[in-house]
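User: Could you take a close look at one part of this protein for me, the nonpolar core and what surrounds it? I am new to this, so please explain the terms as you go.

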Amino acid sequence: MKTVNEMKLSFPSKSCNEAFARSAVAAFIMNLDPTVGELSDLKTAVSEAVTNCIVHGYRRQSGTIYISGKITGSGKVTVRIRDKGCGIADVARAMQPLFTTAADEERAGLGFAVMQSFCDKVRVKSAPGKGTTVTLEKQIADDD
């Protein structure tokens, strides 16, 4: 399907930038006229992915988070959130509900489950020492 719009941005891995990421992605898809539910779903999934970069990828150290977005002619939105942090050794295990690597903090281990519940498709690519890329896909509008 033909790409009709795309965007790229990067920002420091600071918790205050999680709201910025949510807002930037929301603004990017507004021309699709999403429902309140669709908008909320994607913003929540982006929030979870960015929080994972900050808390788990960089382990609250300094780093950069990269987001790219693409909209196709059919209204499919693809958002990639990437870090160059510590990476995930076992992606399948990390995607299991209640699994967390931040045992010393109050973390529920539901980030990937939340992303999956709010998006049509979630893919995770990661390698230890190289970082993690989360790809979120959501159909926002039809080609009517």
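Analyst: Happy to help; here is a walk through the core and some of its neighbours. This is a predicted model, in which local features need pLDDT of at least 70 and side-chain atom pairs count only at pLDDT 80 or more, while totals for chains, interfaces and linings use all residues. Residues are numbered from 1 along each chain as its sequence is written, and side-chain values use heavy atoms, leaving out hydrogens and water.

A nonpolar core is a set of buried Ala, Val, Leu, Ile, Met, Phe, Trp, Tyr and Cys residues joined through side-chain atoms within 4.5 Å. Buried means under 20% relative accessible area, exposed over 50%, and partly exposed in between (1.4 Å probe, protein chains only). The largest core has 37 residues, and Val50, Ile65, Ile67, Ile81 and Leu136 touch the most other members. Helix 2, residues 36-57, gives the most to this core, with 8 residues. (Helices are DSSP runs of H or I, at least four residues, numbered from the N terminus.)

Let's look at isoleucine 65. Beyond its neighbours within four places in sequence, its contacts (heavy atoms within 4.5 Å) include Phe11, Val50, Cys53 and Ile81. Cysteine 53 sits in helix 2 and is buried, at 4% relative accessible area. Not counting residues up to four places away in sequence, Cys53 touches Tyr58, Ile65, Ile81, Arg82 and Asp83.

Phenylalanine 11, another contact of isoleucine 65, is buried at 5% relative accessible area, whereas phenylalanine 20 is partly exposed at 40%.

Conventions: Helices (H or I, at least four residues) and strands (E, at least two) are DSSP runs, numbered from the N terminus.
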